[in-house]
Amino acid sequence: MNPALLLRHAIAALLMLLPAAAQALQMSGRLEWQHRVEMRAVENGVVDEVLVTLGQHVDKGDLLLRMDQREARAAALEAKARAARTLVALEDAERELARSRELFDRGLIAIEELKDAELMKAAAEAEHESAKAAQAAADVLLERTELRAPFDGIVVARNVHDGAVIYKTLQQEPLVAVAPTDKMLARILVTADVLRRYRPGQAAQVNVRGRLREGVIYSLGVEAVRIDPDGAVYELDVIFDSKPDEILRPSEFVQVTLP
């Protein structure tokens, strides 16, 4: 037999012996955000100003929305003033205790008077600690009148306008939602047999608008998204790096290649 023909037959036989898991799998999928953070007001109030628009890129710490701060500022100032008053009272109590100890050491006062001074100092110290805690709580409430970007990303939802009255228990939709833009997910739907062939961290490729991106398997679905005649179907996510100026959006179709 022709040596070339023998070689072709040998290669064909070898390919037939390769396990199915060793052959690359190509499937169509869609883009999804890696995650999105939905931000709501934690206290009742009126929206003073919304500083971002839908689709705007933001940096971590950027101010997104500010509630009316007048009441919170007043409470913070009152808490600060109380802390200052209790500090003065504590310093007075400490001086009085020092004086009482000196008089006791000289035998000019009884032990009961020294104990009273110690109790007064302990009470003043406790009152000051309570005032500091109240001031910290007031500062937190003031901070919560502002919503800031938790990371670099893009505004994917804005459901409020200046002057809106917000009740913290009646917020069906987030005031603002932000998603990161440095990474995206490519999501495909696979059967349980395919899902069992892979593990998180395995290499994969994503074809986005004709450009191949290197990625890794990010997560494997646990609960089926639907039941087909051929069996249950699960989500498999591949994560890859992206850039803010690419403006990749969820639901765009992509091709995913798994090893």
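This passage describes selected helices, strands and loop residues of a predicted model.

Two helices form the part of the structure considered at the outset. Helix H2 spans residues 70-105, and helix H3 covers residues 111-143. Two packed helices are described by the angle between their axes and the distance between the axes. For H2 and H3, the angle is about 160 degrees and the axes lie 8 Å apart. Because this angle falls in the range over 145 degrees, H2 is roughly antiparallel to H3. The crossing of H2 with H3 is left-handed. When the residues in this contact are sorted by class, 21 are nonpolar, 5 are polar and 11 are charged.

Ala-89 belongs to helix H2. The relative accessibility of Ala-89 is 38%, so this residue counts as partly exposed; the value lies between the limit of 20% for buried residues and that of 50% for exposed ones. Along the chain, Ala-89 and Ala-124 are 35 residues apart, yet a distance of 6.3 Å separates their C-alpha atoms.

The strands are considered next. One open sheet contains 4 strands in the order S2-S9-S7-S4, and their pairing is antiparallel. Strand S2 (37-39) and strand S4 (57-58) occupy the edges of this sheet; each has a single partner strand, and therefore one side of each lacks a neighbour in the sheet. The pairing of S2 with strand S9, which comprises residues 176-180, is antiparallel and involves 3 bridges. Within this pairing, Glu-38 is placed opposite Ala-177 of S9.

Strand S1, made up of residues 25-33, pairs with strand S15 in the antiparallel sense through 6 bridges. Met-27 has Val-256 of S15 as its bridge partner. S1 is also paired with strand S10 (residues 183-191), again in the antiparallel sense, and here 4 bridges are found. Trp-33 faces Met-184 of S10 in the pairing. Strand S1 is thus joined both to S15 and to S10.

Strand S15 extends over residues 253-258 and includes Leu-258. With a relative accessibility of 1%, Leu-258 is classed as buried, because the limit for a buried residue is under 20%. Leu-258 and Thr-191 are 67 residues apart along the chain, and the separation of their C-alpha atoms is 14 Å.

Another buried residue is Asp-237, with a relative accessible area of 5%. Asp-237 is part of strand S14, which runs over residues 231-241. The side chain of Asp-237 is joined to that of Arg-187 by a polar contact of 2.7 Å.

The loop between S14 and S15 contains Ile-247, and Ser-251 is located in this loop as well. The phi angle of Ile-247 is near 55 degrees, a positive value in a residue other than glycine. A positive phi is likewise found for Ser-251, a residue other than glycine, with a value near 80 degrees. The relative accessible area of Ile-247 is 36%, which places this residue in the partly exposed class. Ser-251 is also partly exposed, at 48% relative accessibility; the exposed class would require a value over 50%.

Notes:
Residues are numbered from 1 along each chain as its sequence is written. This is a predicted model: local features need pLDDT of at least 70, side-chain atom pairs count only at pLDDT 80 or more; totals for chains, interfaces and linings use all residues. Side-chain values use heavy atoms; hydrogens and water are left out. Buried means under 20% relative accessible area, exposed over 50%, partly exposed in between (1.4 Å probe, protein chains only). Axes are lines fitted to C-alpha atoms, for helices over the stretch in contact, and angles run from 0 to 180 degrees between N-to-C directions. Angles under 35 degrees count as roughly parallel, over 145 as roughly antiparallel, 65 to 115 as roughly perpendicular and the rest as oblique. A crossing is left-handed if the near helix is turned anticlockwise from the far one by less than a right angle, and right-handed if clockwise. Ala, Val, Leu, Ile, Met, Phe, Trp, Tyr, Cys and Pro count as nonpolar, Asp, Glu, Lys and Arg as charged, and the others, Gly among them, as polar. Two strands pair if DSSP finds at least two bridges between them. A polar contact is a pair of N or O atoms within 3.5 Å; within protein, one must be able to donate a hydrogen and the other to accept it, and residues adjacent in sequence count only if both atoms are side-chain atoms.
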